[in-house]
Amino acid sequence: MRSPRILAAAGTVAAAALVLTACTPGGGSSESGSPDADATVNVGLVLEPTDLDIRTTDGIALDQVLIDNVYEGLVSRTAAGEIVDTIAKSHEVSDDGLTYTFDLNDGVTFQNGDEVTADDVVWSISQVKDDEGMQGHTDLANVTSITATDDDTVTLALSAPDSNLLWNLAGRAGLVLDEAATNDLSTTAVGTGPYTLKSWKQGDSLTLERNDDYWGEKARVKSVVFRYITDANAGINAMLAGDLDVQTAVDANLATQFDGNADIEIARGKTTDKYTLAFNNKVAPLNDMRVRQAIRMAIDHAAVVKAVGGAAVEQGGPIPELDPGYEDLTDVAPYDPTKAKELLAEAGQSNLTLDLTIPSFYGTSVATLLVSELEKVGITLNVKSVEFATWLNDVYTNKDFQLSYVDHAESRDFGNWANPDYYFGFDNADVQRLYQESVAAADPETAAAKLKEAARIVSEQAGADWLYNAVTLTAVRQGVTGFPTDSTSTRLDLGELAVQE
């Protein structure tokens, strides 16, 4: 089963509309000066990982801080979604799409000093391929063999073309680890990236330090300290007090506290964060499509946008604007409480009571609005606020829920809707067929068209309700440059991060 890549971020987390760009390029100050190589940058984050094992631990929090910084793969993703060679200096794909050949860069070393070999690459990817418990296992479903054809070349053979393979190799499925290392992955990390993991103080912070022996371009700051601050007000206050240099996921309802502060700028960035009202499609009464459609039509999505500070765009389907296959589907389930009542009556439901399970750090604004909206059509919503670990166990793993509210932050994760075993429990043969056809398509436009068709089916059958697509707000102190401002909940590539003296 595909990793959830779910982000736990403040429920009123920033999101905004249309094409929004940073206040200054690179998400920071435009002032001149030479970089301070001895600088430490303090960054406020919301979600802390429960474990550092990038191989087996669910959740986007590990991807956010470790991929690109500590761990690298053969290829990586740019902020614009392009695939670039990383440990690989080049790659080729055969005309039939069944063979991928990667030539490795010379002189790549792990942070413990070991040289990266083709055998390390084969071992790393094979681990994921061969173990169902590994994160990214299903991303390699079409891979039949992984071989070192010589000391500097790795070849992957496929049983069928896979238009997602390079994208997946730029994620957990393709990370390269040291076969000879004996470190405990749950508390430490040994990768090839520009930063080393210096320390992790659970419940407080995680510190990265520049890898001075990095094989590529060296990091521009000495260290980065991620401070985990789950309370939105506390994050604002820490930024205002000078305890932070960057605060991610700024609550749009609180962002005005930075007004008039010449030392702090607010950068706006696009995301693939899909704040989703998840339905358990396999349990009554939510196994009745009319009930699911009624819930969608009972919700005023414009009011949801207002509840999160106006910094959000409505999203009517499972694919956000940044991903292939996007289509504006907001007209599929327009706000219509009268129609919602009619659908509930057709389904034989009156005075319906449902439970909404929500991670506690999301706050109350959206949940309170949902209670009010559903009450208008005769649905009583009981809100159950739980710790994220409990949510992962009860909702995601055991599927013991009716409704849930969570941010699905990962890009290109439509495959979850083609997997009936995923916690949504959505099962539609046409969607599964179209998704497989999209994966097998050699032409990106054909693949996107298949996804677009499948996404419309999911939306029309009310597999969930997509409350909004987030655009993130990041507070950046003057002098800090190169901090990512797009999709900050999924990846924070700090290769360009600098502090001007």
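Tutor: A charge sits over a ring if NZ of Lys or CZ of Arg is within 6 Å of the ring centre and within 35 degrees of the ring normal. Keep that in mind for this predicted model.

Student: OK, what makes arginine 412 count as sitting over the ring of tryptophan 167?

Tutor: The charged end of arginine 412 is 3.9 Å from the ring centre of tryptophan 167, and the limit is 6 Å, so the distance part is met. Arginine 77 also lies over the face of tryptophan 167, at 4.1 Å from the ring centre.

Student: Next, the aromatics. Why is the pair of tyrosine 422 and tyrosine 423 called tilted?

Tutor: The structure holds 19 aromatic pairs. In this one the ring centres of tyrosine 422 and tyrosine 423 are 5.2 Å apart, and the planes meet at 50°. Stacked needs under 30 degrees and edge-to-face needs over 60, so 50° comes out as tilted.

Student: And what makes tyrosine 422 and phenylalanine 424 edge-to-face?

Tutor: Their planes are 70° apart, with 4.9 Å from centre to centre. The cut-off for edge-to-face is over 60 degrees, so the name fits.

Student: How do you know that tyrosine 422 and phenylalanine 424 are buried?

Tutor: Buried means under 20% relative accessible area. Tyrosine 422 has 0% and phenylalanine 424 has 3%, so both pass. Tyrosine 423 is buried as well.

Student: Then why is glutamine 461 called partly exposed?

Tutor: Its relative accessible area is 27%. Buried would need under 20% and exposed over 50%, so glutamine 461 lands in between. You'll find glutamine 461 in the loop between helix 11 (444-460) and strand 18 (464-477).

Student: What makes the link between glutamine 461 and asparagine 428 a polar contact?

Tutor: Their side chains are joined at 3.3 Å, and the limit for a pair of N or O atoms is 3.5 Å, so the distance qualifies. Beyond its neighbours within four places in sequence, glutamine 461 is in contact with Met289, Arg292, Phe426 and Asn428.

Student: Last one: how do you know that strand 6 pairs with strand 5 (residues 88-93)?

Tutor: Five bridges join the two, running antiparallel, and pairing takes at least two, so they qualify. For instance, serine 90 has aspartate 103 as its bridge partner in strand 6. Strand 6 also pairs with strand 8 (residues 153-158), again antiparallel and over five bridges; there, threonine 101 is partnered with threonine 155.

Student: Which residues make up the covered face of strand 6?

Tutor: Tyr100, Phe102 and Leu104, while Thr99, Thr101 and Asp103 form the uncovered one. In a regular strand, side chains alternate between the two faces of the sheet.

Definitions and conventions:
Residues numbered from 1 in each chain as written. Predicted model: local features only at pLDDT ≥ 70, side-chain atom pairs only at ≥ 80, totals over all residues. Heavy atoms only, no water. Helix = DSSP H or I, 4+ residues; strand = E, 2+ residues; numbered from the N terminus. Buried < 20%, exposed > 50% of the residue type's maximum accessible area, 1.4 Å probe, protein only. Contact = heavy atoms within 4.5 Å. Polar contact = N/O pair within 3.5 Å; in protein donor to acceptor, adjacent residues only side chain to side chain. Phe/Tyr/Trp six-rings, centres within 6.5 Å; stacked < 30°, edge-to-face > 60°.
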